[in-house]
Amino acid sequence: MRLNLNIPYDSRYLSDLRRFVWRALHSLALSEITLNQLVLAVDEVCSNLIVHVPAASTDRIWVEIILKEDLLIIEIVDTSGRSAFDMKGYTPPRIQALIRSRRKGGLGLRLVRSIMDKVDVFEREGCRVWRLQKALVSEKAS
């Protein structure tokens, strides 16, 4: 299975994105919790791109869902070429420190990493690619 969608850098299209991911994964034998977590992970990455990347009106976010046997791969391609996020330098914030500082936000990537088995961010052809992977073996067996 290989499905894709592209949306502008505009939060008004996030509901289309969530619907696309949900429909693409709904036919898999996933629990409702897992299905909603996967939708949330994709939404979180795309929301962060929309909020934090200064994109032009012609830039797009491409989402491709690939199922290879029991491995789900979701690639989110930031076509703006302006994202400078460095996954290697990312340190998840301490929750207690966030609570003490009363800071809102900052937990999105931590959430995505807790949902997915593997999260990579890399460059490909001038674009920043977020690759989210999840093994579905144990999910389908239960």
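Here is a quick tour of the charged pairs and the cysteines in this structure. Keep in mind that the model is predicted. The count comes to eight salt bridges and zero disulfides. Side chains of opposite charge can pair when their charged atoms come close.

**A pair within one helix**

- Start with Asp16 and Arg19, whose side chains meet in a salt bridge at 2.8 Å, N to O.
- Both sit in helix H1, which covers residues 14-26, and because they are three residues apart there, about one helical turn separates them.
- As for surroundings, Asp16 is partly exposed at 33% relative accessibility, and Arg19 is partly exposed too, at 38%.

**A pair between two strands**

- Next up is Glu75, which makes a salt bridge with Arg131; their closest N and O atoms are 2.5 Å apart.
- Glu75 belongs to strand S3 (residues 71-78) and Arg131 to strand S5 (residues 127-135), so this pair ties together parts that lie 56 residues apart in sequence.
- Glu75 is buried, with a relative accessible area of 5%, while Arg131 comes out as partly exposed at 24% relative accessibility.

**Another pair, and a network**

- Asp120 and Lys118 form a salt bridge as well, and here the closest N and O atoms are 3.8 Å apart.
- That distance still qualifies because the cut-off for a salt bridge is 4 Å.
- Asp120 is partly exposed, with a relative accessible area of 25%, and Lys118 is also partly exposed, with 43%.
- Some salt bridges share partners, and in this way Glu75, Arg124 and Arg131 are joined into one network.

**The cysteines**

- Now for the sulfurs: by the rule used here, the disulfide count is zero.
- Cys46 is in no disulfide, and the nearest cysteine sulfur to it, that of Cys127, is 14 Å away.
- Cys46 counts as buried, at 0% relative accessibility.
- Looking from the other side, Cys127 is in no disulfide either, with the sulfur of Cys46 as its nearest cysteine sulfur, 14 Å away.
- Why is there no disulfide between Cys46 and Cys127? A disulfide needs the two sulfur atoms within 2.5 Å, and these are 14 Å apart, so the pair does not qualify.
- Cys127 counts as buried as well, at 16% relative accessibility, because the cut-off for buried is under 20%.

Note on methods:
Residues numbered from 1 in each chain as written. Predicted model: local features only at pLDDT ≥ 70, side-chain atom pairs only at ≥ 80, totals over all residues. Heavy atoms only, no water. Helix = DSSP H or I, 4+ residues; strand = E, 2+ residues; numbered from the N terminus. Buried < 20%, exposed > 50% of the residue type's maximum accessible area, 1.4 Å probe, protein only.
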